[in-house]
Amino acid sequence: MHVYITGSPEITSLPEAVTKRLDQIVDKGYDILVGDNKGFDSTIQKYFAMRKYRRVTVYVSGQHTRYNEGAFGEVHIPGWSGDSAVEFARLKNDAMIADADCAIAVWDGYSRAVRQDLEEL
C-alpha cells in the first residue's frame, strides 16, 4: 500500500490525531510518498526519520532536492522549460497522486496546492 501524505507548508507540527494515524501506517508497513517542500513535507520526513522508518520516498521537482530529512529514496519528476514554479510542483504532486493507493491530507484551509490535491484525489 502506497500512502501519499500532503499538507500545507505552514503546518510545522503534527497534531496528535495525525501522529496516531502515522503510527498505524508504520505498524502496517505501508510505503510513504511525500514531497520535498519546507514546512509540512519536511516535518513528515523528520517524523519518519525519528521513527527510523525507511519505507519513505521523497518526490522532487527536477534534479535539486530541497529537503530530505532522512536520506530517504527519491523520485525526481522532470519538468520542461517555461514551467512556472506552481506548474512544476503540480507535476510532482500529480505523480504522487498517480502512484498512491490512498492519501492523508492535513490542510490549513489556505494552501491552493493541497486544495487541488484534495480535488484530484
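**Notebook: charges, fold and the H2 aromatics**

I started with charge: the chain carries 14 positive and 18 negative side chains, and the centres of these two sets sit 6 Å apart. Note to self: this is a predicted model, and I read everything below with that in mind.

Next I went through the secondary structure. I find 4 helices and 5 strands in the chain. Read from the N terminus, the order is β-α-β-α-β-β-α-β-α. I then checked the overall dimensions: the radius of gyration is 13 Å, close to the 14 Å from the globule rule for 121 residues, so the chain is as compact as a globular protein of that length. Along the principal axes, the C-alpha atoms fill a box of roughly 40 × 30 × 25 Å.

Then burial and contacts. Of the 121 residues, 41% are buried. Looking at contacts with a separation of 6 or more, I get 62% between residues 24 or more positions apart. For the surface I have about 6,700 Å² accessible, with 51% of that belonging to carbon and sulfur atoms.

On to helix H2, residues 40–50. How many of its 11 residues are buried? I get 8, so to speak of H2 as mostly covered is fair. The buried set is Phe 40, Asp 41, Ser 42, Thr 43, Ile 44, Gln 45, Tyr 47 and Phe 48. What do the buried residues of H2 pack against? My list has helix H1 (16–28) plus four strand entries: E1 (2–7), E2 (31–35), E3 (56–61) and E5 (102–106). Following H2, I stopped at Lys 52, where phi is positive, near 55°.

Last, the aromatics. Searching the whole structure turned up 2 aromatic pairs. In one of them, Tyr 47 and Phe 48 have ring centres 5.3 Å apart and planes at 80°; that angle is over 60, so I log the pair as edge-to-face. Phe 48 also pairs with Tyr 53, this time tilted, at 5.7 Å centre to centre with 40° between the planes. I put Tyr 47, Phe 48 and Tyr 53 down as one aromatic cluster.

Are these rings buried or exposed? Tyr 47 has 10% relative accessibility, and the cut-off for buried is under 20%, so Tyr 47 counts as buried. Phe 48 comes out at a relative accessible area of 0%, so Phe 48 is buried too. Tyr 53 is buried as well.

Conventions:
Residues numbered from 1 in each chain as written. Predicted model: local features only at pLDDT ≥ 70, side-chain atom pairs only at ≥ 80, totals over all residues. Heavy atoms only, no water. Helix = DSSP H or I, 4+ residues; strand = E, 2+ residues; numbered from the N terminus. Rg over C-alpha atoms; globule rule 2.2 N^0.38 Å. Buried < 20%, exposed > 50% of the residue type's maximum accessible area, 1.4 Å probe, protein only. Contact = heavy atoms within 4.5 Å. Areas by Shrake-Rupley, 256 points an atom, 1.4 Å probe, with all protein chains shown as cover. Lys, Arg positive; Asp, Glu negative; His and termini not counted. Charge placed at Lys NZ, Arg CZ, Asp CG, Glu CD. Phe/Tyr/Trp six-rings, centres within 6.5 Å; stacked < 30°, edge-to-face > 60°.
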